[in-house]
Amino acid sequence: MTARPASEQDATRGVAYGLGAYVMWGCFPLFFALFDGVPAFEVLIHRIIWSCLFLAGLVTLLKRWAPIRQALGEPSRLGAVLACALLIAFNWGLYIYSVETRQVLQASLGYFLTPLVNVALGMLVLRERISGLQVLAIGLAGLAIIIQLSLLGVLPWISLALALSFGTYGLLRKRVPLDGLSGLFVETLLLLPLGLLTLAWLSLVGQSHFLEAPRTLILLVASGVITALPLLAFAGAARRLRLATLGFLMYLNPSIQFFIALWVFHEPLTTAQLLTFLLIWLGLALYSWSAWSTRPRPVLVPTGTDEPHKPQ
């Protein structure tokens, strides 16, 4: 059997890592639904604490302390990291709350909205030029929110808060010179004192669920591992795949959440909500087509020449 080229093997591994990351993220509702009776904010502080400890072990294992020491040695740059930490903590906490209150459809809509929010923030804050299709995609997302507000009389605040917090997190994260693993570790490290103080306070007033039952203890500790594993898989995918490919895989996460909300949690899907999703999906299709059609084309170098072939 002829061995496949290394680049093809890398691409195959990259797709496998990407699928693993987004499927794990998509299945998060099934995990966080197990915390029956544990408030979302308590799950959040344990997620921060155990993520930090688990990531510290990974950083040690992978010998990645150098960029972390450099970041911690420059306090003037930690302001952006702290802002990222607060945004990701808010996003995590709100997501856990959405699962606990069986509003996973709203969470799914929020993560469908995120790419369009990223485009809008890039245009408004970074003054990036966007195509007409991307403007139309953002307009469809805005129309979807207006329709849901007018037909249901309720603003999908969980969806908007998740999309805006994660989109803003991504915007600020561009200014932090740290890779995904190192960056998340520093973020959780900055939040660790607050998490430990909150845990101590809960224990002092007798409201901590940590030692209530072995099952709860295991789940709370596992939340840290569950947080880090898809990040590692995503990092492996990002090193091997083009951004366009990652962009298409990204829709797996909210799609899985959407079907979990309908088939596992049996959340009702009203006509107004369905119309909202259809408009968002149409916007995402336009956005994806725009990203695909404007992707960099590979440069062909004919045999025996040093100059790249320019397409006619």
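**Exercise 1.** What volume does the second largest pocket have? Work out, too, which helices line this pocket and what classes of residue they bring.

*Solution.* Keep in mind that you are working with a predicted model.

Step 1: start with the volume, which is about 200 Å³ for the second largest pocket.

Step 2: turn to the lining. It is made up of 13 residues, and those nearest the pocket centre are Leu 116, Val 117, Ala 120, Ile 138 and Leu 164.

Step 3: assign the lining to helices. At least two residues come from each of helix 6, helix 7 (132–152) and helix 8 (157–173). Helix 6 contributes the most, seven residues.

Step 4: sort by class. You should find 12 nonpolar residues and one polar residue, with no charged residues in this lining.

**Exercise 2.** Search the whole structure for cavities of 30 Å³ or more: how many are there? Then describe the lining of the largest cavity.

*Solution.* Step 1: the search gives one cavity at that cut-off, and the volume of the largest cavity is about 30 Å³.

Step 2: list the lining residues. They are Leu 105, Gln 106, Leu 109, Gln 148, Gln 273 and Phe 277.

Step 3: place them on helices. Helix 6 (104–124) and helix 13 (271–293) each provide at least two of the lining residues. The largest share, three residues, belongs to helix 6.

Step 4: sort by class once again. The cavity lining holds three nonpolar and three polar residues, and no charged ones.

**Exercise 3.** Which helix gives the most to the lining of the second largest pocket, and what does this helix supply to the largest cavity?

*Solution.* Helix 6 leads in the pocket, with seven residues. In the largest cavity, helix 6 supplies three residues, the largest share of that lining.

Key. Residues are numbered from 1 along each chain as its sequence is written. This is a predicted model: local features need pLDDT of at least 70, side-chain atom pairs count only at pLDDT 80 or more; totals for chains, interfaces and linings use all residues. Side-chain values use heavy atoms; hydrogens and water are left out. On a 1 Å grid over the protein atoms alone, a cavity is a set of points where a 1.4 Å probe fits but cannot get out, and a pocket is an open set with protein on both sides within 12 Å along at least five of seven lines; lining residues have an atom within 4 Å of a point. Grid points are joined across faces, edges and corners, and a volume is the space filled by probe spheres set on the points. Helices (H or I, at least four residues) and strands (E, at least two) are DSSP runs, numbered from the N terminus. Ala, Val, Leu, Ile, Met, Phe, Trp, Tyr, Cys and Pro count as nonpolar, Asp, Glu, Lys and Arg as charged, and the others, Gly among them, as polar.
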